[in-house]
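Let's take a walk through this protein chain together. Have a look at the sequence and the model, and then we'll go through them piece by piece.

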Amino acid sequence: YERIVLRHWRPMHQFDLTTTLTDEANAIRLTWIMVFEKEEEADLVRAFVPAANEQNLDRLEALLSASK
């Protein structure tokens with residue numbers, strides 16, 4: 001498997017993001033974990049993060065499909 005860890009440290013919200021890519025039965029499982037410094041920061045972004053992450057993953061899928 002491969003793991004990518006990054007820190008997103010902005011004044012309004014700070015979090016660590018860990019993505020793990022694992023081979024599984026001719027596919028790749030992506031695990032995406034966001035850990036916020038404070039629960040209040042997570043609450044502030046909870047409304048828009050799922051949709052924003054879906055957009056990011058859609059762009060990744062398009063990029064990977066184009067490179068086949």
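Which side chain meets that of D16 in a salt bridge? The partner is R7, and the N to O distance is 3.0 Å. Keep in mind that this is a predicted model. The two residues differ in how much cover they have: D16 is partly exposed, with a relative accessible area of 23%, while R7 counts as exposed at 59%. We'll come back to salt bridges, but let's get an overview before that.

The chain's secondary structure comes to two helices and three strands. Starting at the N terminus, you'll meet them in the order β-β-β-α-α. As for the overall shape, the C-alpha trace spans about 40 × 20 × 15 Å along its principal axes. The radius of gyration is 14 Å, whereas a compact globule of 68 residues would come in near 11 Å. Of those 68 residues, 16% count as buried, and buried here means under 20% relative accessible area.

Now for the strands. Strand β1 covers residues 2-9 and strand β2 covers residues 14-24, and the two pair in the antiparallel sense over eight bridges. Together β1 and β2 make a hairpin, with four residues between them. If you want a landmark in this pairing, find V5, which stands opposite T18 in β2.

On we go to strand β3, residues 27-36, which pairs with β2 over 10 bridges, again in the antiparallel sense. β2 and β3 form a hairpin too, with two residues between them. One of the turn residues, A25, has a positive phi of about 45°. Two landmarks help here: F15 has F36 in β3 as its bridge partner, and T20 stands opposite T31 in β3.

Put these pairings together and you get an open sheet of three strands, in the order β1-β2-β3, with antiparallel pairing. β1 and β3 stand at the edges with a single partner strand each, so one side of each has no neighbour in the sheet. From one strand to the next, the twist averages 15°. It's handy to remember that in a regular strand the side chains alternate between the two faces of the sheet.

Back to the salt bridges, as promised. The count comes to three. Besides the pair we started with, E24 forms a salt bridge with R29, and their closest N and O atoms are 2.9 Å apart. E24 counts as partly exposed, at 35% relative accessibility, and R29 is also partly exposed, at 46%. Then there's R46, which forms a salt bridge with D43, the closest N and O atoms being 2.7 Å apart. D43 is partly exposed, with a relative accessible area of 43%.

Let's finish on the surface. Which residues form a nonpolar patch there? They are L30, L60, L63 and L64, and together they have about 350 Å² of accessible area. Helix α2, residues 49-66, gives the most to this patch, with three residues. L60 is found in that helix, α2. Patch residues need over 30% relative accessible area, and L60, partly exposed, has 35%.

Key
Residues numbered from 1 in each chain as written. Predicted model: local features only at pLDDT ≥ 70, side-chain atom pairs only at ≥ 80, totals over all residues. Heavy atoms only, no water. Pairing = 2+ DSSP bridges. Axes fitted to C-alpha atoms, helices over the stretch in contact; angles between N-to-C directions. Patch = residues over 30% accessible without salt bridge, like charges linked within 9 Å, V, L, I, M, F, W, Y side chains within 5 Å. Areas by Shrake-Rupley, 256 points an atom, 1.4 Å probe, with all protein chains shown as cover. Salt bridge = Lys/Arg side-chain N within 4 Å of Asp/Glu carboxyl O. Buried < 20%, exposed > 50% of the residue type's maximum accessible area, 1.4 Å probe, protein only. Rg over C-alpha atoms; globule rule 2.2 N^0.38 Å.
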